[in-house]
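Me: I am new to this structure and would like a close look at a single part of it. Please pick one stretch, start from one residue, and work outward to what surrounds it.

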Amino acid sequence: RRRHSFPTRRSSDLTAAISNAIANLTEGSTLYLPQGKYRVTSLPAVPSYVTVYGDGTDASQIVYAGAGTLFTVAGRLRVRFYRLTIHVVSTTGTAIRLSNSFQCTLDSVHLAGDHVGGNYPTFAQTRGLVLDSNSGGNVVVNSNIDNFGTGIVTSCIQNYVADSKMSTNYVSILGTGNNFAAVNDAQANAVRAVLKAYSSYA
């Protein structure tokens with residue numbers, strides 16, 4: 001399994017370096033972000049079966065200052081985000097969008113915006129996670145989605161949240177119909193078993 005990684009460093013803008021690494025990812029490879037802050041304004045799409053991971057939500061942080069979506073996962077399978085923070089600092093940014101994608105995972109991830117009650121409506125258009133175009137079987141587990149205009153936006157069915165928290169969002173979950181399920185303990189254990197079965201990362 002091929003791994004792309006970056007040295008521990010801080011920079012005013014690492015968009016070009018990280019974009020180049022993503023452009024060279026192939027199915028089954030990983031993108032490792034060691035402890036540090038990585039400021040970017042845009043990134044290309046990642047392939048299927050790729051993991052983007054760091055050293056923990058308190059250690060590896062992508063700071064996104066762009067106006068659109070940082071990670072657009074379109075027509076993909078089993079993309080995994082693991083042990084990192086994505087901090088959206090712009091007033092119209094979205095952290096992750098899953099579009100016509102399946103069995104993707106946010107595991108031990110912190111999606112963070114800058115919305116608080118006192119600055120509304122400045123960050124009202126920011127979003128943590130968007131699911132659209134029939135995306136299904138995606139899982140958010142052991143994660144936090146905080147301080148967005150809307151934490152999760154979904155128009156899809158059969159996507160799951162387990163052992164996660166949403167706080168200080170103007171709207172936590174926005175969707176139509178029975179399109180997002182908070183799983184019970186038995187379902188959460190089943191999700192963990194599946195993740196353990198097919199996921200092993202350095």
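Reply: A good place to start is D107, which counts as buried because its relative accessibility is 7%, below the 20% cut-off for that label. The model is a predicted one, and what follows should be read with that in mind. D107 belongs to strand β9, which covers residues 105-112. The side chain of D107 makes a polar contact of 3.1 Å with the side chain of S108.

The strand around D107 is mostly covered as well: of the eight residues in β9, six are buried.

Next come the strands that pair with β9. With β7, the pairing is parallel and runs over seven bridges. In this pairing, L111 of β9 has I86 opposite it. Strand β11, residues 139-141, also pairs with β9 in the parallel sense, here over three bridges. There, V140 of β11 stands opposite L106. Strand β12, made of residues 144-146, is another parallel partner of β9, again with three bridges. In that case D146 of β12 lies opposite A112.

Two of the residues just named, I86 and L111, lead to the nonpolar core. The largest such core holds 38 residues, and I86 and L111 are among those with the most contacts inside it, along with I18, V46, F71, F81 and I96. Strand β7, residues 80-88, contributes the most to this core, with four residues. As a general point, nonpolar side chains in soluble globular proteins tend to be buried together.

I96 shows how this core connects to β9. Setting aside neighbours within four places in sequence, I96 is in contact with L106 and L111, and also with T69, F71, F81, I86, G128, L129 and V130.

I96 also leads to another set of strands, since strand β8 spans residues 94-99. This strand is part of an open sheet of five strands, ordered β6-β8-β10-β13-β16 and paired in parallel. The edges of the sheet are β6 (69-74) and β16 (171-175); each has a single partner strand, so one side of each has no neighbour in the sheet. On average, neighbouring strands of this sheet are turned by 10 degrees against each other, with direction ignored. Between β6 and β8 there are five bridges, in the parallel sense. One pair of bridge partners is V73 and L98, the latter in β8.

Elsewhere in the chain, strand β3 (residues 36-40) gives a clear view of two faces. G36, Y38 and V40 point to one face and are buried, while K37 and R39 point to the other and are not buried. Strand β3 runs parallel to strand β5, residues 60-64, and five bridges join them. Y38 has I62 as its bridge partner in β5.

Last, the setting for all of this. The chain contains two helices and 17 strands. It has 202 residues, and 50% of them count as buried. Taking contacts between residues at least 6 apart in sequence, 64% join residues at least 24 apart. The exposed area of the chain is about 9,000 Å², of which carbon and sulfur atoms supply 47%.

Key:
Residues are numbered from 1 along each chain as its sequence is written. This is a predicted model: local features need pLDDT of at least 70, side-chain atom pairs count only at pLDDT 80 or more; totals for chains, interfaces and linings use all residues. Side-chain values use heavy atoms; hydrogens and water are left out. Buried means under 20% relative accessible area, exposed over 50%, partly exposed in between (1.4 Å probe, protein chains only). A polar contact is a pair of N or O atoms within 3.5 Å; within protein, one must be able to donate a hydrogen and the other to accept it, and residues adjacent in sequence count only if both atoms are side-chain atoms. Two strands pair if DSSP finds at least two bridges between them. A nonpolar core is a set of buried Ala, Val, Leu, Ile, Met, Phe, Trp, Tyr and Cys residues joined through side-chain atoms within 4.5 Å. Contact means heavy atoms within 4.5 Å. Accessible areas come from the Shrake-Rupley method with a 1.4 Å probe; for residues, only the protein chains shown count as cover. Axes are lines fitted to C-alpha atoms, for helices over the stretch in contact, and angles run from 0 to 180 degrees between N-to-C directions.
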